[in-house]
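Colleague: I would like to learn how to read a few features of a structure in order, with the general idea and then the case at hand. Could we go through them together?

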Amino acid sequence: MPDASGNNPLPSRRRAWFGWCMYDWANSAFATVILAAVLPVYFATLVPDEGVILPILGGPLSATALWSYAVAGSMILVALTAPVLGALADRTRRRRRWLIILCVTGACTTCLLALAGPGRYLLAAGLFMLANACFAAANIFYNAFLPALARGPEMDRLSARGFALGYIGGGLMLLLTFVLIRHPGLAGLASSAQATRLGFFLTGLWWLFFSLPTFFFLREEMIPPPLAKSAGLTGPKVLWQVWKELPHYPDLLRFLLAYLFYNDGIQTVIAVAAIFGKDELGLGTTSILGCFLMIQFVAMPGALLFGRFAQSRGSRKALLLSLCLFLAITLYAYDMQYAWQFWLMGLVVALVLGGSQAISRSLYGSLLPVGKNAEFYSFYAVSGKFAAILGPLSFGLLAQLTGSNRLAILGLGIFFVAGIGLLLTVNVERGRRIALEKIS
């Protein structure tokens with residue numbers, strides 16, 4: 001079919017779905033290698049055993065606490081800029097352009113992590129914060145295409161398919177990094193530390209290269225234009241306009257609050273799992289990476305399974321089930337003593353992680369008014385990123401004040417309890433009906 005200008009034909013539905021899913025394949029390499037499995041463990045080797053003292057944060061700060069603060073700092077950048085960026089992108093119809101800018105910046109910054117050699121923990125933290133902020137912000141504009149590509153139950157299926165493909169892509173990049181670390185001589189390197197830094201460089205290249213189909217097959221014209229009455233707004237007026245609109249969608253607002261809490265727990269579990277296993281259980285890099293590899297490949301069928309469950313039993317029920325399992329995981333992690341228990345926890349996380357993320361994304365998309373995808377997904381990102389701020393900060397403070405990572409991870413259960421309670425108040429059908437009424 002032709003685009004809005006009548007010149008270049010838009011890609012077919014099959015190609016558009018492929019292009020959209022490929023970004024999950026591309027950026028999941030960052031999520032697995034940088035955010036979850038490899039960089040946290042490598043970062044711990046850069047920080048002295050006695051900890052560090054920083055002018056702003058005080059100390060001594062352990063590697064776990066410093067990493068948690070770095071994660072939180074990157075999310076503050078996103079929370080401060082996402083709503084205005086999303087709203088302006090909707091009104092100027094430049095969502096695809098912002099996706100490309102943030103992807104290229106994040107991928108190049110990821111490549112620069114290869115420069116973080118021994119003792120350069122501040123360089124590693126700074127580059128990670130910028131790359132992670134770009135990773136999170138780019139997802140706003142990527143997710144904005146989801147409601148334009150699928151509606152109804154198909155949205156759950158497409159979202160789950162994207163996450164499933166992402167777990168395979170991220171798993172393959174993690175496997176490549178794992179092989180390099182175990183056998184650095186294959187790349188002509190003298191140590192596993194050098195191989196780890198090469199893995200960071202290759203992760204950035206992977207993210208950028210496999211995003212090319214997304215840039216080619218997704219077109220701005222696929223998303224309907226916003227309402228004319230708000231098209232001329234710019235700057236702070238955009239942010240204020242969106243804030244005023246949120247109360248008109250009460251179920252969407254309740255979902256955002258629920259997501260703020262339960263995603264807090266999910267993201268913190270992901271961010272601190274590797275470093276928790278190293279500090280508390282004495283697990284080596286090989287064991288931790290092996291567990292994360294298992295998570296990646298088990299999570300793929302898990303995401304598809306929850307997608308099917310959501311289609312047959314409803315999105316909210318599927319999401320509630322996954323959150324109850326996450327709550328059980330935090331209770332289980334508090335008393336872990338052995339490596340096999342870490343692997344068992346990883347297996348359960350693998351089964352529910354993709355489903356909880358995929359269904360959250362599609363359920364929220366089904367509550368959005370047409371034509372305002374990026375601005376409302378920016379609030380989805382802010383809700384999620386404030387969660388990613390509060391969770392790591394809470395974990396870091398508890399770890400610093402109590403001296404116990406176990407008490408810190410047990411405290412994450414509070415976020416799941418609050419999220420479940422708020423999600424129970426969301427009426428999905430009413431929310432979808434209100435979103436349609438607002439544009440009719």
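Colleague: Is Glu-154 buried, partly exposed or exposed, and what is its relative accessible area?

Modeller: Please keep in mind throughout that this is a predicted model. Relative accessible area is read in three classes, with buried under 20% and exposed over 50%. Glu-154 has a relative accessible area of 27%, and therefore counts as partly exposed.

Colleague: With which residue does Glu-154 form a salt bridge, and how far apart are the closest N and O atoms?

Modeller: The partner is Arg-157, and the closest N and O atoms of the pair are 3.3 Å apart, while the cut-off for a salt bridge is 4 Å. Both residues belong to helix H7, and because they are 3 residues apart there, about one helical turn separates them. Arg-157 is itself partly exposed, at 32% relative accessibility.

Colleague: Which pair in helix H18 is separated by about one helical turn?

Modeller: That pair is Glu-429 and Arg-432, which are 3 residues apart in helix H18. They form a salt bridge in which the closest N and O atoms are 3.5 Å apart. Glu-429 is exposed, with a relative accessible area of 53%, whereas Arg-432 is partly exposed at 24%. Returning to the residues of helix H7, salt bridges that share partners join Glu-154 and Arg-157 with Arg-13 into one network.

Colleague: How many salt bridges does a search of the whole structure find, and which parts does the pair of Arg-361 and Asp-24 tie together?

Modeller: The search of the whole structure finds 7 salt bridges. One of them joins Arg-361 to Asp-24, with 3.2 Å between the closest N and O atoms. Arg-361 lies in helix H14 (residues 339–365) and Asp-24 in helix H1 (residues 13–37), so this salt bridge ties together parts that are 337 residues apart in sequence. Arg-361 and Asp-24 are both buried.

Colleague: What share of the contacts in the protein chain with a separation of 6 or more comes from residues 24 or more positions apart?

Modeller: Such residues account for 83% of those contacts. As for the chain itself, the protein has 18 helices and 2 strands, and 58% of its 440 residues count as buried.

Colleague: Which residues form a nonpolar patch on the surface?

Modeller: Leu-172, Leu-175, Val-179, Leu-186 and Phe-297 form the patch, and together they have about 410 Å² of accessible area. Helix H7 (residues 153–182) gives the largest share of the patch, namely 3 residues. Leu-172 lies in this helix and, at 35% relative accessibility, counts as partly exposed. For the protein chain, the accessible surface comes to about 17200 Å², and 67% of that area belongs to carbon and sulfur atoms.

Colleague: How should I read empty space inside a model, and how many cavities of 30 Å³ or more does a search of the whole structure find?

Modeller: The general idea is that rolling a probe the size of a water molecule over the atoms shows where empty space is left. In this structure the search finds 2 cavities of 30 Å³ or more, and about 30 Å³ of space lies in the second largest cavity.

Colleague: Which residues line the second largest cavity?

Modeller: Its lining consists of Tyr-249, Pro-250, Asp-251, Leu-252, Leu-367, Gly-431 and Ile-434. Helix H11 (250–281) and helix H18 (428–439) each supply at least two residues of this lining, and H11 gives the largest share, with 3 residues.

Note on methods
Residues numbered from 1 in each chain as written. Predicted model: local features only at pLDDT ≥ 70, side-chain atom pairs only at ≥ 80, totals over all residues. Heavy atoms only, no water. Patch = residues over 30% accessible without salt bridge, like charges linked within 9 Å, V, L, I, M, F, W, Y side chains within 5 Å. Areas by Shrake-Rupley, 256 points an atom, 1.4 Å probe, with all protein chains shown as cover. Salt bridge = Lys/Arg side-chain N within 4 Å of Asp/Glu carboxyl O. Helix = DSSP H or I, 4+ residues; strand = E, 2+ residues; numbered from the N terminus. Buried < 20%, exposed > 50% of the residue type's maximum accessible area, 1.4 Å probe, protein only. Contact = heavy atoms within 4.5 Å. 1 Å grid on protein atoms, 1.4 Å probe; cavity = no way out; pocket = protein on both sides within 12 Å on 5 of 7 lines; lining within 4 Å. Points joined across faces, edges and corners; volume = space filled by probe spheres on them.
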